[in-house]
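Work through the exercises below with the sequence and the model open. Each task is followed by a solution in steps.

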Amino acid sequence: MPAPLKQTARRTLLVTSATLASLALTAPVSLAAPTPKPTASPSAPVSGSPAAKGKASASASASARPSATPPGKMSSLGGARLGQAGTQVQLAAGAPVLPKDLTARSWIVADAQSGEVFAAHNAHWRLPPASTLKMLFADTLLPKFPRTTQYKVQPKDLEDLGAGSSLVGIKEGETYSVHNLWLGVFLRSGNDAVHVLSSMNGGVAETVKQMNEHAEELQALDTNVVSPDGYDAPHQVSSAYDLTLIARSGLQKKDFREYSSTVTAKFPGATTKNKKGKTVRETFEIQNTNRLLTGDYDISQYPGIAGVKNGNTTNAGATFTGVAERAGRVLLVTVMNPEKDDHNEVYKETAALFDWGFQAAGKVTPVGELVPPKGAAQTSAQPGANSGEGGEAGGVGNVSEKPVAGAVAGNGSGGIGIAMAITGCVLVLLAGAAFLVNRRWPLPDLVRRRR
């Protein structure tokens, strides 16, 4: 069998087996509405609010702290092996062994374009994500506001920021462009910029709702959003698998690629008057906190790095999702909460996994796959479906396009017979669409580092 056909068949089998495994977990209620996720609401205080702060003296309640060991049962979305605890890898002849000094609770190495998962460790362990959750925030809100839109910050926009939040330095009464606000989100991980954009979007609660809907659309089903900025909050979780799915989706958007790969930028400061009495707007420089992008005294800039997002809180520890390109191959690596507390450890382990992934490509049998979004699978199954400008799937990269809302399930009144019939149709559609979906995620113009 020719190699391309072998790859097609393998990816189709991976998606089909993943779907079967997922359906096996939910078969009794396959047509019922999904169980609601706990989200921010009037009775569930948003992290950073007065009600939440009483529970967050150590950045979250004790009950929200992750256990020391992964649960016995995790999601198997993307492949049965991804639902198993421990390291999952299948080396072929000539493949390099995995790095020996990995201490992260969870990690994953995947091909960003094909979706193949080369190796993983506790991929679906639901852990606090810290500011890597801002990738979902950006993927949800980026299409909503043109970058030239101007917004004057009101005092209420900066209320309820969590104690010790990372800030870019937004000032009340000053006007900022949406472009400036996104630079603040991506480079400085500014929770103040997140809250201003959330206010523009109808408020924090509405933004949290939309983020959870978008996570469901992406099939990031380990993820539950409580605070849009990733600040520690009870029940706020994601997984290495989900963060990688989210990053892959975000990277389809040109603006997302640009912001996540920007190294330094000028940011607006206070409006003052100079010695001549002329009103002027001060600026100051901000630098990306992704150390694989900028380098540091104990770690070099990673060759080919192009984003994506880092995070660090008391409860989550250090988290990071990165994307890098080498010789035309694009890899995604997510690392969550290394046990070793060395300086920049999360970046060192990520770099080691990148090195391994580029060396292992073509020499490992994938242990799973990054599933496509629900809408992408449906679109690619349509006759005549084609990619958007620049090769981006279904026009996802068009920044003026509104995000897809989460799908709503039926009421379950049709019975198991109908459920099985629909399941069969879904499997056929997924089997036919799997390779097409993955081929249409080429991530054009990926490496766009700006100094």
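Angles between helix axes under 35 degrees count as roughly parallel, over 145 as roughly antiparallel, 65 to 115 as roughly perpendicular, and the rest as oblique. The model used here is predicted.

**Exercise 1.** Classify the packing of helix α4 (residues 178–188) against helix α8 (residues 254–261), and state which residues make the contact.

Solution.
- Step 1. The two axes come within 8 Å and cross at roughly 55°.
- Step 2. That angle falls in none of the parallel, antiparallel or perpendicular ranges, so α4 and α8 are oblique to each other.
- Step 3. The crossing of α4 and α8 is right-handed.
- Step 4. On the α4 side the contact uses H179, W182, L183, F186 and L187; on the α8 side it uses F256, E258, Y259 and S260.
- Step 5. Sorted by class, the contact of α4 with α8 has six nonpolar, two polar and one charged residues.

**Exercise 2.** Do the equivalent analysis for helix α3 and helix α5 (residues 191–200), and decide whether the residues of α3 (residues 134–141) are buried or exposed.

Solution.
- Step 1. The axes of α3 and α5 come within 12 Å, and they cross at roughly 30°.
- Step 2. This angle is under 35 degrees, so α3 runs roughly parallel to α5.
- Step 3. α3 passes α5 in a left-handed crossing.
- Step 4. K134, F137 and L141 of α3 meet N191, V194, L197 and S198 of α5.
- Step 5. By class, the residues of the contact of α3 with α5 are four nonpolar, two polar and one charged.
- Step 6. For burial, the cut-off is under 20% relative accessible area. Eight of the eight residues of α3 are buried; among them are K134 and D139 as well as M135, L136 and F137.

**Exercise 3.** Which residues form one aromatic cluster with F137?

Solution.
- Step 1. The cluster consists of F137, W182, F186, F256 and Y259.
- Step 2. Match these to the earlier contacts: F137 is one of the α3 residues that meet α5, while W182 and F186 of α4 and F256 and Y259 of α8 take part in the α4 contact with α8.

**Exercise 4.** How many aromatic pairs does a search of the whole structure find, and what is the geometry of the pair F320 and Y347?

Solution.
- Step 1. The search finds nine aromatic pairs.
- Step 2. For F320 and Y347, the centres are 5.2 Å apart and the planes stand at 65°.
- Step 3. Planes over 60 degrees apart count as edge-to-face, so the F320 and Y347 pair is edge-to-face.
- Step 4. F320 lies in strand β9 (residues 317–326) and Y347 in helix α10 (residues 345–360), so the pair links distant parts of the chain, 27 residues apart.
- Step 5. Both F320 and Y347 are buried.

Key: Residues are numbered from 1 along each chain as its sequence is written. This is a predicted model: local features need pLDDT of at least 70, side-chain atom pairs count only at pLDDT 80 or more; totals for chains, interfaces and linings use all residues. Side-chain values use heavy atoms; hydrogens and water are left out. Buried means under 20% relative accessible area, exposed over 50%, partly exposed in between (1.4 Å probe, protein chains only). Helices (H or I, at least four residues) and strands (E, at least two) are DSSP runs, numbered from the N terminus. Axes are lines fitted to C-alpha atoms, for helices over the stretch in contact, and angles run from 0 to 180 degrees between N-to-C directions. A crossing is left-handed if the near helix is turned anticlockwise from the far one by less than a right angle, and right-handed if clockwise. Contact means heavy atoms within 4.5 Å. Ala, Val, Leu, Ile, Met, Phe, Trp, Tyr, Cys and Pro count as nonpolar, Asp, Glu, Lys and Arg as charged, and the others, Gly among them, as polar. Rings of Phe, Tyr and Trp (its six-membered ring) pair if their centres lie within 6.5 Å; planes under 30 degrees apart count as stacked, over 60 as edge-to-face and the rest as tilted.
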